[in-house]
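Please have the sequence and the 3D view open side by side, and follow the paragraphs below in order. They move from one part of the chain to the next and pause at a few chosen residues.

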Amino acid sequence: MPDLLLELFSEEIPARMQAQAADALKKLVTDALVERGLLYEGAKAFVTPRRLALAVHGLPGRQADQKEEKKGPRVGAPEQAVAGFLKAAGLSSLDQATIQSDPKKGDFYVAVVEKPGRATTEVVAEIVPDIIRRFPWPKSMRWGTGTLRWVRPLHSIVATFGAEGDEPEVVHFSVDGIEASNVTRGHRFMAPEPFTVKRLDDWMAKLEAAKVVADRDRRKEIILNDAKDLALAAGLELVEDEGLLDEVCGLVEWPVVLMGSFEARFLDIPDEVIRATIRANQKCFVLKDPKTGRLANRFILISNLVASDGGKAIVAGNERVIRARLSDAKFFWDTDRLNGLASRMPKFQSITFHEKLGSQAERIERIRRLAVELAPKVGAPVALAEEAALVAKADLLTEVVGEFPELQGLMGRYYATGENLPPEVAAACEEHYKPQGPNDRVPTAPVSVAVALADKIDTLVGFWAIDEKPTGSKDPYALRRAALGVIRIVLENEKRLRLMDVFNFAAGGKGGLSAFDSVRFSDAKYSPADAHQVMDDVIQAHREAGIDYKTAKALFDLLAFFADRLKVYLRDRGARHDLVDAVFALEGQDDLLLVVRRVEALAAFLATEDGRNLLAGYRRAVNILRIEEKKDGRAFAGPTVAALLKEPAEEHLAAAIDDVKARVSKAVAAEDFAAAMTALSDLRQPVDAFFDAVTVNDADPALRENRLKLLDEIRAATRGIADFDRIEG
């Protein structure tokens with residue numbers, strides 16, 4: 001079957017746009033072909049700095065013929081309706097239509113319209129110009145007097161179609177005066193003359209001869225392998241950098257790997273600064289000396305041509321630029337160490353963190369206060385946590401971080417170490433920013449944990465207090481990442497924190513408040529539908545601790561945000577979403593570690609026969625209760641009246657419920673969730689026996705009401721563990 005080759009040849013496409021453009025071209029063209037009934041066997045996109053191309057394999061030579069039935073008016077319809085039908089169907093008379101009968105609507109005319117398929121080249125000539133004109137470049141431009149917008153001036157278009165062994169046909173179309181042809185060009189400097197191409201294999205072979213490696217993955221492979229070989233020959237190791245490899249691959253069509261060097265005196269600069277300098281300014285790779293474990297005074301650069309002098313002039317030019325940039329970096333490094341971290345702290349007073357949240361100095365003070373509060377809870381020395389919180393942000397005003405913002409934190413560690421600050425303080429300067437993503441490590445040192453939590457929680461509480469929460473996909477302050485960071489730090493370090501207490505303190509409360517402890521959710525005054533009353537009582541508890549109503553409500557909302565983030569975190573690790581929901585449905589769940597342990601215990605319990613059977617019995621009880629409550633227009637809430645327990649099975653169930661509730665409450669208080677589940681399993685047999693022996697809807701209204709209350713007591717017993725209504729399966 002024939003293949004389609006399409007190439008769009010232009011000035012240099014920015015490296016950052018190339019991969020996305022290749023994917024877009026493939027999707028737009030293949031979707032358009034399939035939409036028109038042209039199915040294909042495979043497609044592959046190619047991109048180099050000067051060309052965007054697509055090969056589509058196994059296309060049919062033309063579209064299949066189509067038959068379409070057009071329903072017309074009823075037999076005997078007005079002449080005007082019949083004329084409109086004939087015109088729409090392309091018929092000259094009713095003799096060309098058929099008559100079909102419908103038992104309800106009677107006889108009506110039907111026209112069978114045959115639509116012959118078009119040649120694939122015609123379809124391609126129709127769709128490609130439109131795709132080119134509306135191509136989704138992040139940025140585009142116009143040039144000359146034309147109207148076409150493209151990422152850079154478009155010079156030529158190759159479009160050929162044909163089967164292997166045949167001379168392919170040029171697909172004729174034009175875009176803004178550029179005629180499609182079978183002519184392209186090779187490397188800008190080494191093979192600039194035009195040449196003709198046929199299909200994919202011919203195109204790739206001739207481009208290779210013209211010093212162009214069309215396949216992006218192959219260019220990356222050449223760069224990486226040649227760089228490793230060159231480093232190995234020098235007794236060094238390449239410091240691999242996938243992001244830089246992607247970028248330089250998009251800068252060259254014919255990669256040539258060369259090695260340069262710089263003065264050894266620059267090795268006094270931290271390795272990360274050297275690497276950032278060379279990477280940012282010259283897009284070069286650095287090399288490591290395996291004997292020392294540090295960087296060597298060599299670098300790898302990627303040229304786009306084979307130079308007549310073997311690349312000496314190219315290397316020398318890069319060395320001059322890198323020498324100048326490293327001189328700047330050394331000056332920044334020396335200046336920063338000379339002035340010290342403490343000298344920068346007063347400057348934070350004049351730097352705004354957020355117009356509604358004050359200066360950076362005020363934020364640092366809030367972090368200090370919160371770190372001191374958190375230190376005993378995470379096992380950190382208070383004095384060290386306080387010192388670390390005060391200097392953790394100081395490197396933001398250093399010259400090196402000003403030049404390379406991505407080194408914030410790391411440079412703080414270097415400067416703190418150089419000033420002989422305690423190792424725990426130096427580590428916290430770097431680690432308090434972590435984790436910065438789902439794959440980043442979390443801090444484990446207690447001082448680092450205290451400052452990291454303080455930093456993130458202050459951010460969250462502050463932005464919630466001023467109602468700057470994430471909305472939809474927008475999260476300009478990375479608050480979702482901050483919440484996930486808190487969750488990971490707490491869980492992976494197995495730390496116990498009552499989040500509402502911490503939020504209250506961070507918001508300026510008096511501290512020492514156990515907001516949820518002040519509202520006893522097991523008290524009879526709260527029913528499952530009392531969520532708003534619970535929230536109001538918690539908010540009132542915060543107000544008594546010095547937090548205004550608006551802020552207290554915001555903190556309650558922040559806890560709900562953490563619940564959502566924890567659900568996502570646990571689901572990503574295989575936890576059942578319904579179990580997470582079932583535990584979080586219970587009010588007062590603000591200890592993340594206990595929530596996770598409760599979910600794990602619940603999952604283990606429901607995996608047993610007792611757990612599955614109890615869940616089935618629970619659902620039977622709740623379904624009956626809901627039906628009767630709806631019928632009567634009232635709720636049936638326990639406790640039951642002992643004198644109305646007539647049957648042995650209901651007496652046994654009532655006694656079992658009282659015993660289980662007491663044991664579950666005791667086990668949960670001791671945080672022994674396995675024991676709580678064991679206690680809950682003892683309800684299985686009494687529940688089964690109750691439904692086998694007792695008629696709930698007794699003719700006696702008093703007995704019926706008491707038995708419905710007994711069903712509610714089953715629900716109350718399970719709520720010591722989770723909301724079983726939310727459990728699926």
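**From the first strand onward**

Strand β1, which covers residues 3–10, is mostly covered, since seven of its eight residues are buried. The model in which this strand appears is a predicted one. Strands of a sheet pair through backbone hydrogen bonds, and the pairing is either parallel or antiparallel. β1 is joined in the antiparallel sense to strand β7 (residues 154–162) by eight bridges, and within this pairing Ser10 stands opposite Leu154 of β7. β1 also runs antiparallel to strand β3 (residues 51–57), to which six bridges join it, and here Glu7 has Ala53 of β3 as its bridge partner.

Further along the chain, Arg216 has its place in helix α5, which spans residues 216–233. Is this arginine, Arg216, buried or exposed? Its relative accessibility is 15%, and because buried means under 20% relative accessible area, Arg216 counts as buried. When neighbours within four places in sequence are left aside, Arg216 is in contact with Gln18, Ala19, Val47, Asp246, Cys249 and Gly250.

The next region to look at is an open sheet of four strands, arranged in the order β13-β15-β16-β14 and paired in the antiparallel sense. β13 (237–238) and β14 (256–261) stand at the edges with a single partner strand each, so that one side of each is left without a neighbour in the sheet. The partnership of β14 with strand β16 (residues 295–303) is antiparallel and extends over six bridges, with Leu301 of β16 as the bridge partner of Leu258.

Two helices lie across strands of this sheet. Helix α7 lies across β15 (285–288) and β16, and runs at about 15° to β16, while helix α8 lies across β14 and β16, and runs at about 130° to β16. Two packed helices are described by the angle between their axes and the distance between the axes. For α7 (residues 271–282) and α8 (residues 312–339), the angle is about 135° and the axes are 10 Å apart, which makes α7 oblique to α8. The crossing in which α7 passes α8 is right-handed. On the α7 side, the contact is made by Val273, Ile274, Thr277, Ile278, Asn281 and Gln282, and on the α8 side by Asn318, Val321, Ile322, Arg325, Leu326 and Ala329. Sorted by character, the residues of this contact between α7 and α8 comprise seven nonpolar, four polar and one charged.

After this helix pair, the chain reaches Ser359, which lies in strand β18 (residues 358–359). Ser359 has a relative accessible area of 10% and is therefore buried. Apart from its neighbours within four places in sequence, Ser359 is in contact with Phe348, Gln349, Ile351, Thr352 and Phe353.

Helix α12 (residues 410–418) leads back to the pair of helices described above. Its buried residues are Leu410, Met411, Gly412, Tyr415 and Ala416, and these buried residues of α12 pack against α7 and α8, as well as against α11 (399–403) and α13 (423–431). α12 is followed by Asn420, whose phi is positive, near 60°.

The last stop is another pair of helices, α19 and α20. Helix α20 covers residues 592–606, and α19 and α20 pack at an angle of about 125°, with their axes 9 Å apart. The two helices, α19 and α20, are therefore oblique to each other, and their crossing is right-handed. From α19, the contact draws on Leu579, Val580, Ala582, Val583 and Phe584, and from α20 on Val595, Arg598, Val599, Leu602, Ala603 and Leu606. The residues of the contact of α19 with α20 divide into 10 nonpolar, no polar and one charged.

One of the residues in that contact, Ala582, deserves a separate look. Ala582 is found in helix α19, which spans residues 577–584, and because its relative accessibility is 0%, Ala582 counts as buried. Which residues does Ala582 touch, not counting those up to four places away in sequence? They are Leu602, Ala722, Asp723, Arg726 and Ile727. The C-alpha atom of Ala582 is separated by 62 Å from that of His155, and these two residues are 427 residues apart along the chain.

Methods:
Residues numbered from 1 in each chain as written. Predicted model: local features only at pLDDT ≥ 70, side-chain atom pairs only at ≥ 80, totals over all residues. Heavy atoms only, no water. Axes fitted to C-alpha atoms, helices over the stretch in contact; angles between N-to-C directions. Parallel < 35°, antiparallel > 145°, perpendicular 65-115°, else oblique. Left-handed = near helix turned anticlockwise from the far one by under 90°. Contact = heavy atoms within 4.5 Å. Nonpolar A, V, L, I, M, F, W, Y, C, P; charged D, E, K, R; others polar. Pairing = 2+ DSSP bridges. Buried < 20%, exposed > 50% of the residue type's maximum accessible area, 1.4 Å probe, protein only.
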